[in-house]
Amino acid sequence: MLVLMRQGATQEDIQRVVSVIEDLGYQARPMPGKERTAIGLVGNEGRVDGTRFSALPGVLEIIQITKPYKQVSREWKRESTVIALGEGVEIGGRDIVVMAGPCSVETEDQLRTAARAVRNAGAVVLRAGAFKPRSSPYSFQGLGQPGLKLLAKARAETGLLIITEAIDPATLDDVAEVADIVQIGARNMQNYALLRRAGQCRRPVMVKRGPSATIEEWLLSAEYILAEGNPNVILCERGVRGFDSATRNLFDLSAIPLVHGLSHLPIVADPSHGTGRRDMVTPMARAAVAAGADGLLIEVHPSPDRALSDGAQSLFPKQFATLMDESRAIATTIGRSMSRYAGVPS
Ligand code: PEP
Ligand code: MN
């Protein structure tokens, strides 16, 4: 439930509503807006009787949240959430944020070469996994902690922001120390202990859609993070399991406008995992920008044929430069622009 205050409601009016919410045994989340303050009520399982609030001074309206996810919903917060990622880069506003790099951190040289290539083409965030959640226990599992060190070095050398994945609660804080955005992978979308831990860290978190997750399940996973007090959550569509093995996944482009309607959170598109095929990444990246994605997550490797993971879907640096040019053209057409920032060290 949301208690919407009148324009000009006093601090005393707001505090009175907060006290009533707390007396009823729930938590109050006041949200000052441009024109008026809304006070969210959390901790309830069923419907809360709004008549307790409607007669209080300064109260304009009681809004019942109809969705099972609450703080994530547009009913809860009408304006789109804009998240500051660092170095002046924001996601969720007019700018489209491109995150690119190899699937995994492999070597210092591989990461540095990839980072320079994606930066020169215009990416602002470097992606690469140090901890890899692989379907097979015999596949490359990532470099782990030494991989995080290489990411920190790449950040210092190139000025790129870093997104990297956390796969368990025990190492999430180490990841959050290096990462500007903590990635929760598709396989972990319903790892509730991990989501709670991500909700306690102070970094923005990107939650990928699970391979068989409904939109509602995905938004409920994001809700876990907000419920722990971290409002900086980004969603990422990376395709779901389909009946046809012609592509690695079924890249659900319709999720982009759908999620924009249901939630105020930014949404990123990952056509690399969404298709699994290098030749399809650029067309689907263009389509995702056209559909309203707030960011792109793209796998790029200096020599994809030698990649230790996901080589078949990784772009050559030159292909990535083309993807950037074409995406920029589409962004301009729909009144958006590609995120950039000044002062990148060489
Ligand atoms: C990745 O981004 O490399 C990754 C493992 O993606 P997903 O969780 O979507 O499979
Ligand atoms: Mn990958």
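**Notebook: the shell of ligand 1 and two helix pairs**

I sorted the residues of the shell around ligand 1 by character and obtained 2 nonpolar, 3 polar and 7 charged. The model I consulted is a predicted one.

**Entry 1: residues of the shell**

I then listed what surrounds ligand 1. The charged residues around the ligand are Arg 127, Lys 132, Glu 165, Arg 187, Lys 208, Arg 238 and Glu 299. Gln 183, Gly 185 and His 273 are the polar residues there. Cys 103 and Ala 186 also surround the ligand, and both count as nonpolar.

**Entry 2: contacts to oxygen atoms of ligand 1**

I looked up three distances. For Ala 186, a backbone N or O atom is 2.8 Å from an oxygen atom of ligand 1. For Lys 208, an N or O atom of the side chain lies 2.8 Å from an oxygen atom of the ligand. For His 273, I noted 3.2 Å between a polar side-chain atom and an oxygen atom of ligand 1. I next asked how much of the accessible area of ligand 1 the protein covers. Of the 290 Å² that ligand 1 has on its own, the protein covers 98%.

**Entry 3: helices α4 and α5**

I turned to helix packing, for which the angle and the distance between two axes serve as the description. Helix α4 spans residues 145-158 and helix α5 residues 169-178. Their axes come within 9 Å and cross at roughly 15°. Angles under 35 degrees count as roughly parallel, and I therefore recorded α4 and α5 as roughly parallel to each other. Their crossing is right-handed.

**Entry 4: helices α6 and α7**

How do the axes of α6 and α7 cross? Helix α6 (residues 192-200) and helix α7 (residues 215-227) have axes that come within 7 Å and cross at roughly 45°. This angle makes α6 oblique to α7. I entered the passage of α6 by α7 as a right-handed crossing.

Note on methods: Residues numbered from 1 in each chain as written. Chains lettered and ligands numbered in written order. Predicted model: local features only at pLDDT ≥ 70, side-chain atom pairs only at ≥ 80, totals over all residues. Heavy atoms only, no water. Near = heavy atom within 4 Å. Polar contact = N/O pair within 3.5 Å; in protein donor to acceptor, adjacent residues only side chain to side chain. Areas by Shrake-Rupley, 256 points an atom, 1.4 Å probe, with all protein chains shown as cover. Axes fitted to C-alpha atoms, helices over the stretch in contact; angles between N-to-C directions. Helix = DSSP H or I, 4+ residues; strand = E, 2+ residues; numbered from the N terminus. Parallel < 35°, antiparallel > 145°, perpendicular 65-115°, else oblique. Left-handed = near helix turned anticlockwise from the far one by under 90°.
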